[in-house]
Amino acid sequence: MRILGIDPGTAIVGYGVIDVINHRYTVVDYGCIRTAAHMYLPERLDRIYQGMQMLIEKYQPQEMAVEELFFNTNITTGISVGQARGVILLAAQQKDIPIGEYTPLQVKQALVGYGRAEKQQVQYMVKTFLNLTAIPKPDDAADALALAICHSHSRKIG
């Protein structure tokens, strides 16, 4: 099973692609889709959408895991991230890729066994699950890999 994990954002969209065979994990690739801060939001959304189409075409994921939107204090940022999330979900839906959506708490629970785990604990578990020599960088890519692992455990398709 090939899973594409996505950590949505407007400046940086983290992605992580893993293969899961007989409960064994293999990293295929990870990285980020980046947009410049000076870009008009519709341009950023277009770049994210195009990047998602490229990832889906290149890696042919069977399923996708996306972080659910979590509003902190900045609602304006939350709205723009929600729009980015929308084009991410659209790209997957257009290719009929089943989508699982997970909160940060669910990801922490799945990887660490504790929903209030620290980011460093989650990153360490990503490194361990994927048998990597170092924690993946940037953090957005590590988060996307964590989402893919969480999905492989949960397989909660929305």
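**Figure 1. Packing of helix α3 against helix α5 in the predicted model.** Helix α3 comprises residues 104–112, and its axis comes within 9 Å of the axis of α5. The two axes cross at roughly 75 degrees, and α3 and α5 are therefore roughly perpendicular to each other. On the α3 side, the contact is made by Q106, V107, A110 and L111. The residues of α5 that take part are A146, L147, I149, C150 and H153. By class, the residues of this contact divide into 7 nonpolar and 2 polar, with no charged residue. Two packed helices are described by the angle between their axes and the distance between the axes.

**Figure 2. Crossing of helix α4 with helix α5.** The axes of α4 and α5, the latter spanning residues 139–154, come within 10 Å and cross at roughly 65 degrees. That angle makes α4 roughly perpendicular to α5. The crossing in which α4 passes α5 is left-handed. From α4, the residues K119, V122, Q123, V126 and F129 make the contact. Their counterparts in α5 are D139, A142, D143, L145, A146, I149 and H153. The residues of the contact of α4 with α5 comprise 7 nonpolar, 2 polar and 3 charged.

**Figure 3. The aromatic pair of Y25 and F129.** A search of the whole structure returns 1 aromatic pair. The ring centres of Y25 and F129 are 5.6 Å apart and the ring planes stand at 75 degrees, so the pair is edge-to-face. The angle satisfies the edge-to-face criterion because the planes are over 60 degrees apart. Y25 belongs to strand β3 (residues 24–34) and F129 to helix α4 (residues 119–129), so the pair ties together parts that are 104 residues apart in sequence. Y25 is buried, with a relative accessible area of 16%, whereas F129 is partly exposed, at 26%. F129 also appears among the α4 residues in contact with α5.

**Figure 4. Surroundings of C32 in strand β3.** C32 is partly exposed, its relative accessible area being 22%. Leaving aside neighbours within four places in sequence, C32 is in contact with I12, V13, G14 and Y15, and also with P138, D140 and A141. For C32 and Q93, the separation is 61 residues in sequence and 20 Å in space, C-alpha to C-alpha.

**Figure 5. Surroundings of I33 in strand β3.** I33 has a relative accessible area of 10% and is buried. Residues up to four places away in sequence not being counted, I33 touches A11, I12, V13, Y15, R47, I48, G51, M52 and L55. The C-alpha atoms of I33 and D140 are 9.9 Å apart in space, while the two residues are 107 apart in sequence.

**Figure 6. Surroundings of S80 in helix α2.** Helix α2 covers residues 75–94 and includes S80. The relative accessibility of S80 is 15%, so S80 counts as buried. Residues up to four places away in sequence being set aside, S80 touches T10 and L41.

**Figure 7. The cis peptide bond between K137 and P138.** The bond that joins K137 and P138 is cis, with omega about -5 degrees. P138 is placed in the loop between α4 and α5. P138 is also one of the residues in contact with C32. Most residues other than glycine have a negative phi, and most peptide bonds are trans.

**Figure 8. Positive phi at N22 and Q60.** N22 is a residue other than glycine and has a positive phi, near 50 degrees. The loop that holds N22 runs between β2 (12–21) and β3. With a relative accessible area of 69%, N22 is exposed. Q60, which is not a glycine either, has a positive phi of about 50 degrees. The position of Q60 is in the loop between α1 (41–59) and β4 (63–67). Q60 is exposed, and its relative accessible area is 51%.

Key: Residues are numbered from 1 along each chain as its sequence is written. This is a predicted model: local features need pLDDT of at least 70, side-chain atom pairs count only at pLDDT 80 or more; totals for chains, interfaces and linings use all residues. Side-chain values use heavy atoms; hydrogens and water are left out. Rings of Phe, Tyr and Trp (its six-membered ring) pair if their centres lie within 6.5 Å; planes under 30 degrees apart count as stacked, over 60 as edge-to-face and the rest as tilted. Helices (H or I, at least four residues) and strands (E, at least two) are DSSP runs, numbered from the N terminus. Buried means under 20% relative accessible area, exposed over 50%, partly exposed in between (1.4 Å probe, protein chains only). Contact means heavy atoms within 4.5 Å. Axes are lines fitted to C-alpha atoms, for helices over the stretch in contact, and angles run from 0 to 180 degrees between N-to-C directions. Angles under 35 degrees count as roughly parallel, over 145 as roughly antiparallel, 65 to 115 as roughly perpendicular and the rest as oblique. A crossing is left-handed if the near helix is turned anticlockwise from the far one by less than a right angle, and right-handed if clockwise. Ala, Val, Leu, Ile, Met, Phe, Trp, Tyr, Cys and Pro count as nonpolar, Asp, Glu, Lys and Arg as charged, and the others, Gly among them, as polar.
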